Amino acid sequence: MDREDRIEFYDRRTGEVRTEQVLGDAFIKWAYRTLSGRLVGPLAFGTSIPSRVLGWWFDRRWSRRRIAKTIADLSIDASEFARAPEEFRSFNDFFTRELTDGARPFPDDPKLLPSPADGRLLVYPAADGGTPVPVKGVEGPLGDLFDRPIDEFDGGSAAVVRLCPADYHRYHFPCDGTVVETRAIRGRYDSVNPIALAARPRVFARNKREITLIDTDAFGRMAFVEVGAFGVAGIHRTWSGPDVTRGREKGYFDFGGSTIVLLFRAGAVTFDADLLEQS
């Protein structure tokens, strides 16, 4: 991989900068960097049909043969799995796997905000609802993410968690609260890979997404936005409300790369210094 094509990230556990192993790298480059790819793109990413076909294939038993290679290629820690790799019925069963109890502990202190999911994290200390914002994947009026004008998060904070194919693809409520609104928005199925975000910077405001507004005990009103991507024809809700608790599973994504965006009102959240520096 050429250096300019590398996706590098800062590992908070080790303090090292690492290179991300990309699944389907050649396809992404073709789709977003070549003329033929851009011509075919509206067919591949404009509807759910290709993603549903891909999902159907990965739901079949014969797709199990890809599991062992994917674990090896992406250096996934199988010791965290609640089931042994040979027990998965299909590749998608492996992809939406559950982990052992305690594999992702949440802090007891209600004033600490944990990440809702595994992934690559970018934080933004201030986001303006009426003017273009620097949140990668939005880069336009923040209200476009909601598909309607929005001003309650003006000047607030945003955290963007991009889940990679190697990640645990279930996600959890980061704090206690009460759900006040849920809404699904139909949209495209563009990739959320950084190469795709560079080519089509408003992916998060155009892709399929689900929005949950939560009045939290510790951080006030929060928006929890799940964004689908290519290969993700399913965003599955596993909770019932209205009251939710920290660490409770909220849902999971089917196969593909996907993203979670958290939005907070002004002054509600202070991000750690290293997150701000690395973002």
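**An internal cavity, two cysteines and a glycine**

One cavity of 30 Å³ or more was counted in this predicted model. The largest cavity holds about 30 Å³ of space. Its lining is formed by Glu-210, Thr-212, Glu-226, Arg-237, Trp-239 and Lys-250. Sorted by class, four residues of this lining are charged, one is polar and one is nonpolar. The charged class takes in Asp, Glu, Lys and Arg. Glu-210, Glu-226, Arg-237 and Lys-250 are among the lining residues. Thr-212 and Trp-239 also line the cavity.

Cysteine residues were examined next. Zero disulfides were found in the structure. Burial was computed for Cys-164 and for Cys-175. Cys-164 has a relative accessibility of 2% and is buried. Cys-175 has a relative accessible area of 3%. Cys-175 therefore counts as buried too, because the term applies under 20% relative accessible area.

A glycine in a loop was also considered. Gly-256 sits in the loop that joins strand 11 (249–253) to strand 12 (258–264). Is this loop residue, Gly-256, buried or exposed? Its relative accessibility is 5%, so Gly-256 counts as buried. Gly-256 was also compared in position with Ala-166. Along the chain, Gly-256 and Ala-166 are 90 residues apart. In space, their C-alpha atoms are separated by 10.0 Å.

Notes
Residues are numbered from 1 along each chain as its sequence is written. This is a predicted model: local features need pLDDT of at least 70, side-chain atom pairs count only at pLDDT 80 or more; totals for chains, interfaces and linings use all residues. Side-chain values use heavy atoms; hydrogens and water are left out. A disulfide is a pair of cysteine sulfur atoms within 2.5 Å. Buried means under 20% relative accessible area, exposed over 50%, partly exposed in between (1.4 Å probe, protein chains only). On a 1 Å grid over the protein atoms alone, a cavity is a set of points where a 1.4 Å probe fits but cannot get out, and a pocket is an open set with protein on both sides within 12 Å along at least five of seven lines; lining residues have an atom within 4 Å of a point. Grid points are joined across faces, edges and corners, and a volume is the space filled by probe spheres set on the points. Helices (H or I, at least four residues) and strands (E, at least two) are DSSP runs, numbered from the N terminus.
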